[in-house]
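Colleague: Before we talk about the inside of this protein, could you put the model on the screen and tell me how each term is being used?

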Amino acid sequence: MARRTVLLSTGHNIPMLGLGTWQSSAGQVKTAVLCALEVGYRNIDCAFSYGNEHEVGEALQEKVGPNKALKREDVFIVSKLWNTKHHPEDVEPACRLSLANLQLQYLDLYLMHWPIAFKRGDQMFPKNEDGIMQYADTHFIDTWKAMEHLVNLGLVRAIGLSNFNAKQVDEILAVARHKPVVNQVECHPYLNQKELLEHCRDRGIILTAYSPLGSAHRPWAKPDEHKLMDVPQLLHLARKYGKSPAQLILRWQLQRGVVCIPKSSNPSRIEENFQVFDFTISDEDMENMLLFHKGLRLIIPVIERDGKPVWRDAGHPHFPFHEPY
């Protein structure tokens with residue numbers, strides 16, 4: 001039987017399969033969370049920047065707590081600090097706002113969403129008149145030290161990173177009093193993150209895969225784009241195991257020790273994605289799936305500049321993806 005949880009360095013367990021809530025629109029995410037909890041998901045991944053924490057909180061209120069179907073300790077709730085709240089003075093208020101939205105006393109895990117600081121304030125994407133992002137010079141190490149205080153206050157049980165490269169992970173580890181337990185990054189067969197996975201594993205950090213199925217419905221996807229889920233070799237392997245391509249990908253990640261948070265608002269898809277604990281992919285096919293790797297980042301924001309597509313934050317000194325991994 002496959003493992004359903006993995007041990008964090010804090011001694012707590014994180015469920016290996018969770019529900020992602022990015023791009024879940026108003027009116028949908030509450031239903032999705034309720035469905036996921038009913039199916040058996042015990043890991044719900046949230047973020048302030050998704051704009052739907054309050055709806056997730058409504059779902060949790062219906063299902064979790066005294067005299068409810070689930071106890072608070074039965075579920076693992078994750079949220080993330082947004083880029084405009086990197087200044088040390090903003091970290092605790094931002095966390096408390098997410099807790100209020102989610103109607104929780106504590107978070108199981110709080111992540112720094114990006115190593116990049118935006119201009120302070122309540123505008124989610126502060127920009128100049130020419131459309132260029134307005135950044136702040138707060139270093140992510142200073143933000144991390146403020147996040148550590150959240151652990152001391154009991155507002156969060158653990159803290160971690162998101163979208164950090166290997167070098168940046170090591171910069172945090174060099175100063176950390178509370179070690180990051182997770183690095184959440186884009187990870188799917190087109191971007192298998194093999195080197196970063198090994199780097200984090202060697203340091204006792206769990207890798208979490210967001211958009212593990214390639215996020216075909218991301219806003220900037222091109223209509224004629226070849227979708228990961230349509231790859232003939234993947235379809236062939238899925239038929240071999242009697243599973244859907246999505247189930248095969250999720251199972252592949254779990255066997256690698258990678259936590260997965262596929263997003264869906266479709267009840268049947270939510271249930272299907274959870275049915276990955278009843279089969280095992282052979283070692284040979286695990287290796288074959290590594291061959292799908294193209295080094296292709298699908299989720300990083302892309303903008304038009306001088307008529308050419310560029311990574312939005314590539315000019316920031318802490319932009320993580322100039323490094324090989």
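**Cavities, core and one helix**

Modeller: This is a predicted model, and the count comes to 2 cavities of 30 Å³ or more.

Colleague: What makes the largest of these a cavity, and which residues line the largest cavity?

Modeller: The word cavity is used because a 1.4 Å probe fits there but cannot get out. The largest cavity holds about 60 Å³ of space, and its lining includes Asn-163, Phe-164, Arg-297 and Tyr-325. By class, that lining divides into 6 nonpolar, 3 polar and 1 charged.

Colleague: What is the volume of the second largest cavity, and which strands each supply at least two residues of its lining?

Modeller: The second largest cavity has a volume of about 40 Å³, and the strands are β4 (43-45) and β8 (182-186).

Colleague: How do you know which residues of helix α7 are buried and which are exposed?

Modeller: Buried means under 20% relative accessible area, and exposed means over 50%. In α7 (residues 232-241), Leu-234, Leu-237, Ala-238 and Tyr-241 are buried, so by that cut-off each of them has under 20% relative accessible area. On the other side of α7, Pro-232, His-236, Arg-239 and Lys-240 are exposed.

Colleague: Why do you say that the buried residues line one face of the helix?

Modeller: Seen down the axis of α7, the buried residues fall within an arc of 100°, and therefore they line one face. What covers them includes α8 (245-255) and α10 (283-290).

Technical notes:
Residues are numbered from 1 along each chain as its sequence is written. This is a predicted model: local features need pLDDT of at least 70, side-chain atom pairs count only at pLDDT 80 or more; totals for chains, interfaces and linings use all residues. Side-chain values use heavy atoms; hydrogens and water are left out. Buried means under 20% relative accessible area, exposed over 50%, partly exposed in between (1.4 Å probe, protein chains only). Helices (H or I, at least four residues) and strands (E, at least two) are DSSP runs, numbered from the N terminus. The arc is that of the directions from the helix axis to the C-beta atoms. Contact means heavy atoms within 4.5 Å. On a 1 Å grid over the protein atoms alone, a cavity is a set of points where a 1.4 Å probe fits but cannot get out, and a pocket is an open set with protein on both sides within 12 Å along at least five of seven lines; lining residues have an atom within 4 Å of a point. Grid points are joined across faces, edges and corners, and a volume is the space filled by probe spheres set on the points. Ala, Val, Leu, Ile, Met, Phe, Trp, Tyr, Cys and Pro count as nonpolar, Asp, Glu, Lys and Arg as charged, and the others, Gly among them, as polar.
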